Amino acid sequence: MLAILFPPLDPVAFEAGPIVIRWYALAYLAGFLLGWRYCMALAAKNKAPPGPQDYDDFLVWAVLGVIIGGRAGYVLFYQFDYFLQNPLDILQVWHGGMSFHGGAAGVIAAIIIFSCIRKFSILAFGDLICCAVPIGLFFGRIANFVNAELFGRVTDVPWGVVFPRGGDMPRHPSQFYEAALEGVLLFTILFFLARMPAVRQRPGTLSGVFLAGYGLFRFSVEFFREPDVQLGYLAGGLTMGQYLCMPMLVVGAGLVLYARGKAARKIRGA
């Protein structure tokens with residue numbers, strides 16, 4: 001059986017005494033910084049709030065939303081029984097354990113609160129942030145591969161990889177599948193949509209496309225990804241990730257329809 005041996009990648013990018021910098025941390029940093037600059041560039045075209053300064057001020061909110069929400073989501077969705085017995089371990093985020101769905105919920109909460117404080121459209125503000133999220137997803141999935149974690153199911157495809165903690169059989173490099181779909185493809189779709197005046201004039205459309213797109217891509221890749229060992233397969237042979245993606249698909253489609261209907265009503269009213 002053809003297989004690719006996992007390359008000799010070190011999860012640690014830099015180490016000096018007690019200071020240890022991991023590629024995973026650098027992936028988060030790159031995602032935040034590039035996403036922040038991208039949001040400000042998109043917002044520069046806005047003639048009304050939210051503007052570049054608003055996205056500049058929101059960066060700290062976004063970081064807190066991702067970290068707090070991501071950790072809370074992992075605790076609740078993936079290891080609740082363990083953390084119930086070991087509550088202090090919740091704070092040990094350096095040992096890993098973050099949930100995208102939890103992080104998304106944390107950022108959504110931050111967007112709502114921040115927008116209400118600044119008194120501008122929640123959907124218009126969230127639209128541009130959603131355009132930048134795939135940047136972070138791309139770097140995060142590449143870092144997952146470097147860490148040899150969240151790998152795929154056993155396969156006989158010629159690009160299967162033998163992961164250090166995945167046994168002797170080759171597995172789907174599902175991290176790359178997600179990087180390509182949730183990162184590159186979703187970013188490209190939103191990139192072109194964000195430059196269409198008709199789309200920018202329908203707040204909620206970009207947010208809806210992101211939610212539905214991520215939900216669809218993640219749901220699909222889960223068929224190739226090894227389920228979390230502590231959970232395995234759930235009812236119907238689906239994974240926790242797939243169940244968490246279902247509401248995203250529904251809400252995303254609903255937002256697109258809502259934005260379209262609201263724009264149509266506005267035109268008729270005019």
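This dialogue walks through how to read the fold, the core and two chosen features of a predicted model.

Reader: Before I look at any detail, what should I know about how the model is numbered and filtered?

Author: Residues are numbered from 1 along each chain as its sequence is written, and because this is a predicted model, local features need pLDDT of at least 70 and side-chain atom pairs count only at pLDDT 80 or more, while totals for chains, interfaces and linings use all residues. Side-chain values use heavy atoms, with hydrogens and water left out.

Reader: How many helices and strands are there in the chain, and in what order do the elements run?

Author: Helices (H or I, at least four residues) and strands (E, at least two) are DSSP runs, numbered from the N terminus. Here the chain has nine helices and four strands, and from the N terminus on the order is β-β-β-α-α-α-α-α-β-α-α-α-α.

Reader: What does the radius of gyration say about the chain?

Author: The radius is taken over C-alpha atoms, and the globule rule is 2.2 Å times the number of residues to the power 0.38. For 270 residues a compact globule would come near 18 Å, and the 20 Å of the chain agrees with that.

Reader: Which residues have the most contacts inside the largest nonpolar core?

Author: A nonpolar core is a set of buried Ala, Val, Leu, Ile, Met, Phe, Trp, Tyr and Cys residues joined through side-chain atoms within 4.5 Å, where buried means under 20% relative accessible area, exposed over 50%, and partly exposed in between (1.4 Å probe, protein chains only). In this chain the largest such core has 41 residues, and those with the most contacts inside it are Y55, F58, F125, I129, F210 and Y214. The largest share of this core, eight residues, comes from α5.

Reader: What does I129 touch?

Author: Contact means heavy atoms within 4.5 Å. Leaving aside residues up to four places away in sequence, I129 touches C39, Y55, F58, V107 and I111. One of these, C39, is among the buried residues of α1, and the cover over the buried residues of α1 includes α2, α5, α6 and α7 (197-200).

Reader: Is E178 buried or exposed?

Author: E178, which is found in helix α6, is buried, with a relative accessible area of 1%. Not counting residues up to four places away in sequence, E178 touches R141, G183, R218, V221 and R225. For the chain as a whole, 44% of the 270 residues count as buried.
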